[in-house]
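Here are some notes for a colleague who is meeting this structure for the first time. They are set out as numbered points, to be read with the model in view.

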Amino acid sequence: MTLAEPHIDAGAGQSRDEPILTVEHLVQEFVSRGPGGVKAGVVHAVSDVSFELYAGQTLGVVGETGSGKSTLARAVIQADPPKSGSVVFRGREMVGMKKRQLRAARAEMQMVYQDPFGSLNPRWRVEDVVAEPLLGHGRMSSADRRVRVRELLDLVGLNPDQYMRRRPMELSGGQAQRVAIARAIALNPALIICDEAISSLDVLIQAQVLNLFEKLRRELGLAYIFIAHDLATVKQISDVVAVMHLGQLAEIGPSEELYRAPRHPYTRALLDSIPGLDPETGVARRPVPMKGEPPSPLHPPSGCRFRTRCPRAQEICATVEPKLAQVGVPGHRAACHFPLEDPATISVESLRASARRAPAATETAAPPV
């Protein structure tokens, strides 16, 4: 599937039209065990997920807690090898790679975590933390490493003279996250995966870190997978947005188009949960809570996994699993048997058809099977 065009040209040796990351039919499952180690079931964390990412592009990943966002990120970077599927990074298949090959590939694919203090060694000084990748993947002299560390700290907006000798406990949350970012870009990676990288920061620091990400994307040509709960933030920073629900992609497409005209009822429900202000009347728009509880990933519903909470569910939704199909502009896809219409093209006939479908939706909203 083809997503939006990247902002910048691809790196040397790679065509602009070729994605730097191609994920196909990725599946990740975990065995759940009860008392005594007895197998209690299988957690379907990621189910048949596919997407592409181009150089200089940001893919935002959103969804409820437990939808599989972080598990997807860990499967892509091979922190937890997926059960099946393909992850091709810069032309190399990462699934099944030997440890030495995987170690070399990870030099070009880095991760920034939600809690910077949890990812920084509290006993090390900042200069040692940032220099760690240079020791593990390069052959630089101590003098060259020190020069490189100073460059990296300056690049992320930290004065080297003030921060190189500090330890993580002497830093604020925003400063610690900047150190984590400096470490992530030390080896000039092509891709950075940000797993809730700004969630633990206050609003002002979030804005600073987001501006830093954008600056690094322009200057270094980085591509990002940006995982977050804040839909407004994801819209601001992303070229393409993927909406995950219970381990599956419910919808994916260009950011502006997906927010303007969501086609999956789950995406619409997520957007309705955001409080806002009507620009015409000035009246505050209260968030609309999603009805029902998310099904268990141990026993996901048959057919469409969202059908037990979907107001548009029909009989087919319980028996046939919907696949991603193009809706609207190229690159905009939704996995729904009855996708929502573009608000700009809604007709009287479509409203009547929607009204006729409404009673059946209540009948089919059954407990998960």
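**Notes on two sheets, their turns and the cavities**

1. In the hairpin made by strand 4 and strand 5, where two residues stand between the strands, Arg90 takes a positive phi near 50°. The model is a predicted one, and the value should be read with that in mind. Arg90 is not a glycine, although its phi is positive, and its place is in the loop that lies between strand 4 and strand 5. The two strands of this hairpin pair in the antiparallel sense over two bridges, and in one of the pairings Phe89 has Arg92 of strand 5 as its bridge partner.

2. The hairpin belongs to a wider arrangement, since four strands form an open sheet in the order 2-1-4-5, with antiparallel pairing. Strand 2 (39–53) and strand 5 (92–93) are the edge strands and have a single partner strand each, so one side of each is left without a neighbour in the sheet. Helix 1 (residues 69–76) packs on this sheet and touches strand 1, strand 2 and strand 4 (84–89), while its direction makes about 115° with that of strand 1.

3. Strand 1 (residues 21–33) deserves a careful look, as it is joined to strand 2 by 10 bridges, the two running antiparallel. Along this pairing, Leu21 stands opposite Leu53 in strand 2, and Phe30 has Val43 of strand 2 as its bridge partner. Strand 1 and strand 2 also form a hairpin, with five residues between them, and Gly36 in its turn has a positive phi of about 80°.

4. Strand 1 also pairs with strand 4, again in the antiparallel sense, over five bridges, and here the bridge partner of Val27 is Ser84 in strand 4. A further residue to inspect is His25, which has a positive phi of about 50° although it is not a glycine. Whereas Arg90 is placed in a loop, His25 lies in strand 1 itself.

5. A second sheet should be traced separately: eight strands form an open sheet in the order 6-7-8-3-9-10-14-13, and the pairing is mixed. Its edges are strand 6 (109–112) and strand 13 (325–326), each of which has a single partner strand, so one side of each is left without a neighbour in the sheet. Within this order, strand 3 and strand 8 pair in the parallel sense over four bridges, and Val61 has Ile227 of strand 8 as its bridge partner.

6. How many cavities of 30 Å³ or more does a search of the whole structure find? The search finds three, and the largest has a volume of about 70 Å³. Of the 13 residues that line the largest cavity, the closest to its centre are Cys304, Cys310, Cys317, Cys336 and His337. Sorted by class, the lining of the largest cavity has nine nonpolar, two polar and two charged residues.

7. The second largest cavity, with a volume of about 40 Å³, brings several of the elements above together. Phe51, Leu59, Val61, Lys69, Leu72, Ala73, Ile225 and Ile227 line it. Strand 3 (58–62), helix 1 and strand 8 (223–227) each supply at least two residues of this lining, and the largest share, three residues, comes from helix 1. By class, the lining of the second largest cavity has seven nonpolar, no polar and one charged residues. Val61 and Ile227, both in this lining, are also the bridge partners mentioned for strand 3 and strand 8.

8. The structure holds three aromatic pairs, and one of them can be described in detail. The rings of Phe213 and Tyr224 have their centres 5.4 Å apart and their planes at 70°, so the pair counts as edge-to-face, the cut-off for that class being planes over 60 degrees apart. Phe213 lies in helix 8 (residues 203–220) and Tyr224 in strand 8, so the pair ties together parts that are 11 residues apart in sequence.

Key. Residues numbered from 1 in each chain as written. Predicted model: local features only at pLDDT ≥ 70, side-chain atom pairs only at ≥ 80, totals over all residues. Heavy atoms only, no water. Pairing = 2+ DSSP bridges. Contact = heavy atoms within 4.5 Å. Axes fitted to C-alpha atoms, helices over the stretch in contact; angles between N-to-C directions. 1 Å grid on protein atoms, 1.4 Å probe; cavity = no way out; pocket = protein on both sides within 12 Å on 5 of 7 lines; lining within 4 Å. Points joined across faces, edges and corners; volume = space filled by probe spheres on them. Nonpolar A, V, L, I, M, F, W, Y, C, P; charged D, E, K, R; others polar. Phe/Tyr/Trp six-rings, centres within 6.5 Å; stacked < 30°, edge-to-face > 60°.
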